[in-house]
There are 4 protein chains.
Amino acid sequence: MKVKRKAHPKRTPGRPRSAASRSAILKAAYQLLRERGVTGFTVEGVAARAGAGKATIYRWWHHKGTLAIEAFLVAVVPKLDAARTSSSAVADLRRQVHATASIYRGRVGVLLRELVALGQADPETSRRLRSDFVAPRREAAMVTLRRAQELGEIPAGADLDVLVDALWGPIFHRLLVSHTKIDRRFIDRLLDLVLAGAMQSPGRE
Amino acid sequence: MKVKRKAHPKRTPGRPRSAASRSAILKAAYQLLRERGVTGFTVEGVAARAGAGKATIYRWWHHKGTLAIEAFLVAVVPKLDAARTSSSAVADLRRQVHATASIYRGRVGVLLRELVALGQADPETSRRLRSDFVAPRREAAMVTLRRAQELGEIPAGADLDVLVDALWGPIFHRLLVSHTKIDRRFIDRLLDLVLAGAMQSPGRE
Amino acid sequence: MKVKRKAHPKRTPGRPRSAASRSAILKAAYQLLRERGVTGFTVEGVAARAGAGKATIYRWWHHKGTLAIEAFLVAVVPKLDAARTSSSAVADLRRQVHATASIYRGRVGVLLRELVALGQADPETSRRLRSDFVAPRREAAMVTLRRAQELGEIPAGADLDVLVDALWGPIFHRLLVSHTKIDRRFIDRLLDLVLAGAMQSPGRE
Amino acid sequence: MKVKRKAHPKRTPGRPRSAASRSAILKAAYQLLRERGVTGFTVEGVAARAGAGKATIYRWWHHKGTLAIEAFLVAVVPKLDAARTSSSAVADLRRQVHATASIYRGRVGVLLRELVALGQADPETSRRLRSDFVAPRREAAMVTLRRAQELGEIPAGADLDVLVDALWGPIFHRLLVSHTKIDRRFIDRLLDLVLAGAMQSPGRE
DNA sequence: ACTTAACCGAGACGGTACGTCTGGTCTTACA
DNA sequence: TGTAAGACCAGACGTACCGTCTCGGTTAAGT
């Protein structure tokens, strides 16, 4: 029941896609995004800087937004460090939220802000950003929270979805709406408030 | 020996600004915004629909965003009903948050989402939206929360700024990032969580 | 038989037209015309420089061209010296043509060129330029030519209209079409040619 | 050992210019020019009528005038019939001048008038009109005149440049300045006058 | 070695909106 | 009524990007 993988496993005819071109485009796109923001981010500019043709870009990325988001993800995601675990799941969670906040304070925050903005007009951009950037971090928090429940650090009846929203919503709010500092003190107070609320949840039912 | 400037010394020379033109432009802008969103919102389109010259628009609104935001505010703010008070400040707060959420669920939410996006690229737009739309609602909540403290419904030591952020952040997060429903059930759970957390605050110091 | 000039001889009601404003406008218009040419000649610019309102300009000059032409005429015509007469009418004519050519060589030529251009699109401008600038000079030449006929210097049967056209057409041609020098040598050759032709005209019938 | 570039080494990269677009633009431009004159001749109008983008027009024609002049030349020049020759060069010349005059009387005259006007503000327009429209006709006349000298119909010493100016200057003068009819009678009288003058030129020296 | 098919860079194309500018009109308060 | 100031409508200007298209030429896989 094995496929004969040797001769022609699943190979399309014609010249294969150029990896060099792809990475040059993504690199140029990320540079432009950092230097000039979403406003100054043009496909023409990316093509010129990457030494690529516009058609090549549009062949692989449907819209300007799709390119922007992928350039961002490719450049930023590998730098995000994985969550570490300790004996206290709640302590791990606090560490995770602080780590996220510290990322949003810097360059990435500025880019993220603009990409979220871009996503309001383009569902594809929005979806990608959500699935590849926001969701993994949210999922990591969920894992930690479930562990906290198992360890009895927070009640079993706590609504974890609302809990995560309550932690991350305010951070995005500062990033996107109030444009105020997302400093350690704010994060600590927020964690204190939300975790205290979570402790009040019913034990089981 | 005649007095030149009698009653109205503060009068600029020249033809005064036309109120009719101003309101026609704002009305046309709001219509376009509702019908076509920020993407289809063009200064040229507004001028054509309002029967105004483009120069007139640019004379009074420096950017596209400045016009969009003002059109939105002029049309939407008067419709927002004032907060009512009852014997329980916490009950008032719950009512306020539910009212805000119900507004964000509809047309206004869609517009608000796009205007926040527009504001990421234009500080002026962002500032106006914050000062004329977000801040008043936040301030109303703060007033209610202070009353709750006076009535002893929540501890005197609660950090009200963080509290308000914890309530509104998640709503904006759903509006802008996760694009999920802001339904009554979610708001209730959020209020339960956050208010429960607030109750744990220290009494005085 | 004298009109009682004191009380109200022929006086329209209301504030009379301001002579100061009129001359300030004409002066500013001429300056702008010289400095920036017809391209840079705008009614707004004239109003600003003259410290006048645009409405004032449009009240007295129907079009931009009407103003340009009058500004030109008021500034230039007084400087043109009248034709002098001598014992030889043909010598006078030669002097007149040379004088005209020398004027066209300079600044006035540049302006004249642009005003003729302006006149192609605006009949009013064209008419004014013709009646107040071209025609008087043509008429002076006709007078001289008639005197030449009376003195027997050119035949009585010469067609003076064609003669004048043959003298001035080539000058305008160089000014407007070929953009070549209208130097003394050219004028002399032209006069030689045309006057020689005129001498061949029939004596009477 | 294969040769890379065979026959056409001089090929610029990129999509070549579209001949269809070029001719559609020139055709639309000429139509607009005829229907509405230079005043109503706008790049936007040409683009709309030709189904072309404005950028495409500006890519190939730097100024409005450059486009107008080329549209005129492409449409008009092919229709001008070549000069025929007969046994008498002077008779040929008379025919040429009459032919030119008859062209200037009609639609072409109106366009020519406006294009000369346009050329006063734009040297490029002026140069093109001169080199591609005026000069060829002038050169044809020069050829005929030289033949007339060879045939002994006019003296060898005649200054042909001044002669051509004396014939065509008055025609342009009527077209551009006096706006009077360029009828057969006028042309005949002009030819009589100028040719008579030319006959008086010195024989050789 | 030859064909085929998809790739690639360059850059022209139609379209749309931008923000600016000017022409000519209108509306104030004052003279 | 005339005037300065300046707002108003209308609409063309020339620029910038978008996303598509059309060239000449390249690069494997399959023949």
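This passage describes the surroundings of DNA strand E and the setting of B:Thr144 in a predicted model. Local features were taken only at pLDDT of at least 70 and side-chain atom pairs only at pLDDT 80 or more, whereas totals for chains, interfaces and linings use all residues. Residues are numbered from 1 along each chain as its sequence is written, chains are lettered from A in the order in which they are written, and side-chain values use heavy atoms, without hydrogens and water.

Around DNA strand E there are 48 residues, of which B:Lys54, B:Tyr58, C:Lys54, D:Gly14 and D:Trp60 come nearest, a residue being near when one of its heavy atoms lies within 4 Å of the strand. These residues divide into 17 nonpolar, 16 polar and 15 charged, where Ala, Val, Leu, Ile, Met, Phe, Trp, Tyr, Cys and Pro count as nonpolar, Asp, Glu, Lys and Arg as charged, and the others, Gly among them, as polar. Of the strand atoms within 4 Å of the protein, 66% belong to sugar or phosphate and the rest to bases. Phosphate oxygens of DNA strand E lie 2.6 Å from a polar side-chain atom of B:Tyr58, 3.3 Å from one of C:Tyr58 and 2.8 Å from a side-chain N or O atom of D:Thr56.

In chain B, B:Thr144 lies in helix α7 (residues 123-150), helices being DSSP runs of H or I with at least four residues. B:Thr144 counts as buried because its relative accessibility is 7%, the limit for buried being under 20% relative accessible area with a 1.4 Å probe and protein chains only. The side chain of B:Thr144 reaches the backbone oxygen of B:Ala140 at 3.0 Å.

Methods:
Helix = DSSP H or I, 4+ residues; strand = E, 2+ residues; numbered from the N terminus. Buried < 20%, exposed > 50% of the residue type's maximum accessible area, 1.4 Å probe, protein only. Polar contact = N/O pair within 3.5 Å; in protein donor to acceptor, adjacent residues only side chain to side chain.
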